[in-house]
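Please open the structure in a viewer and keep the sequence at hand. The tour below proceeds by selections, each followed by a description of what is found there.

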Amino acid sequence: MDAKERYARQLMLPEWGEKGQEALGRARVLLAGVGGLGSPIATYLTAAGVGTLGLADADKVSVSNLQRQVLYDETQVGLPKVVCAAERLRKLNSEVNIVCHNCFVDSGNIYSLLSDYDYVIDACDNFATRFLLNDVCLELGKTYIYGSICGLDGQVSVFGRPDANGRIRSYRELYDEEELLSMPAPSKGVMGVTPAVVGAVEVNQLLALCAGYGEPLIGRLWTIDLRTMASAVIEF
């Protein structure tokens, strides 16, 4: 399929153009989680023409996923998410290299997983994995695009990249590990639109970093409250 035709609408943008497309085509991205956040992230990255997309998740599709995890359908309940997601994404864009990792990211596999990727996009659902992703990304010089959701709230930031002063930013500047891990687990309640909004913002951060447009959220935290549509960008 003609790449210029496929990507014509984004190639028109002065912020993007052929240089942005080529940079995205070279990008190797690991998506940690293919659930609520992972569904829109994987879809938009694949549609945009990312070079390689790794999918890391060990869950199987359940009925309760279908309200927000739009990669899946009723016929796939009980099947591995990464397998179902890869099948859908390859039909969307056969030019993208989709790699399945049927596992959760943990301390035993994170180094081998990250070794093949330049970027990590957070679509997980627990604090421990986020601290692990952050620490290893900083150690290995990888870019970590963070996103989280709860109910009708969401937030996004970028770690592992230098800010305007050359300082590499970290998730630990925002949150204390001991404090977060000692807290009760947050509610799993969420509206289906929340991960759609937050996941799209995470994808935009990757595109901005690849093409060099805008002001990526390095040293800044973007937040959204979908009850009021109030959003903010907070420097830290």
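Begin by selecting Thr129, which touches Val105 and Cys124 when residues up to four places away in sequence are not counted. The model on display is a predicted one. Thr129 is found in helix 7, a helix that comprises residues 127-140. Is Thr129 buried or exposed? Its relative accessible area is 12%, under the 20% limit, so Thr129 counts as buried. Now add Asp106 to the selection: Thr129 and Asp106 are 23 residues apart in sequence, yet their C-alpha atoms are 6.9 Å apart in space.

Follow the chain along helix 7 and select Leu140, which belongs to that helix. With a relative accessible area of 34%, Leu140 is partly exposed. Show Tyr111 and Leu114 as well, for Leu140 touches both of them, residues up to four places away in sequence not being counted. A further residue to display is Asp118, whose C-alpha atom is 9.5 Å from that of Leu140, across a separation of 22 residues in sequence.

The next stop is helix 3. Select residues 17-26, and within them colour the buried residues Gly17, Gly20, Gln21, Ala23 and Leu24. Where do these residues lie around the helix? Viewed down the axis of helix 3, the buried residues fall within an arc of 160°, and therefore they line one face of the helix. Turn to the other side of helix 3 to find Lys19 and Arg26, which are exposed. To see what covers the buried residues, display the elements that include helix 2 (8-11), helix 4 and helix 9.

Keep helix 3 in view and concentrate on its packing against helix 9. The two helices pack at an angle of about 110°, and their axes are 8 Å apart. Helix 3 is therefore roughly perpendicular to helix 9. The crossing in which helix 3 passes helix 9 is right-handed. Which residues should be selected at this contact? From helix 3, take Gly20, Ala23 and Leu24; in helix 9 they meet Leu206, Leu207, Cys210 and Ala211. Sorted by class, the residues of this contact of helix 3 with helix 9 are 6 nonpolar and 1 polar, with no charged residue.

Now select helix 4 (residues 38-48) together with helix 9 (residues 193-211), which pack at an angle of about 40° with their axes 8 Å apart. This angle makes helix 4 oblique to helix 9. Helix 4 passes helix 9 in a right-handed crossing. On the side of helix 4, highlight Pro40, Ile41, Tyr44, Leu45 and Ala48. Their counterparts in helix 9 are Pro195, Ala196, Gly199, Glu202, Val203, Leu206 and Leu207. The contact of helix 4 with helix 9 has 10 nonpolar, 1 polar and 1 charged residues. Leu206 and Leu207 appear in the contact of helix 9 with helix 4 and also in the contact of helix 9 with helix 3.

Remain with helix 9 and select Gln205, which is found there. Gln205 has a relative accessible area of 6% and is buried. What does Gln205 touch, not counting residues up to four places away in sequence? Display Ile145, Val156, Val158, Pro216 and Leu217 to see these contacts.

Move next to the loop between strand 2 (52-56) and helix 5 (81-92), and select Leu66 within it. Leu66 is partly exposed, at a relative accessible area of 25%. Leaving aside its neighbours within four places in sequence, Leu66 is in contact with Val61, Tyr72, Asp73, Glu74 and Val77. Add Gly192 to the view: although Leu66 and Gly192 are 126 residues apart along the chain, their C-alpha atoms are separated by 9.0 Å.

The final selection is Met229, in the loop between strand 7 (220-225) and strand 8 (230-235). Met229 has a relative accessibility of 55% and counts as exposed. What is the sign of phi at Met229? The angle is positive, at about 65°, although Met229 is not a glycine. As background to this last stop, most residues other than glycine have a negative phi.

Technical notes
Residues numbered from 1 in each chain as written. Predicted model: local features only at pLDDT ≥ 70, side-chain atom pairs only at ≥ 80, totals over all residues. Heavy atoms only, no water. Axes fitted to C-alpha atoms, helices over the stretch in contact; angles between N-to-C directions. Helix = DSSP H or I, 4+ residues; strand = E, 2+ residues; numbered from the N terminus. Parallel < 35°, antiparallel > 145°, perpendicular 65-115°, else oblique. Left-handed = near helix turned anticlockwise from the far one by under 90°. Contact = heavy atoms within 4.5 Å. Nonpolar A, V, L, I, M, F, W, Y, C, P; charged D, E, K, R; others polar. Buried < 20%, exposed > 50% of the residue type's maximum accessible area, 1.4 Å probe, protein only. Arc of directions from axis to C-beta.
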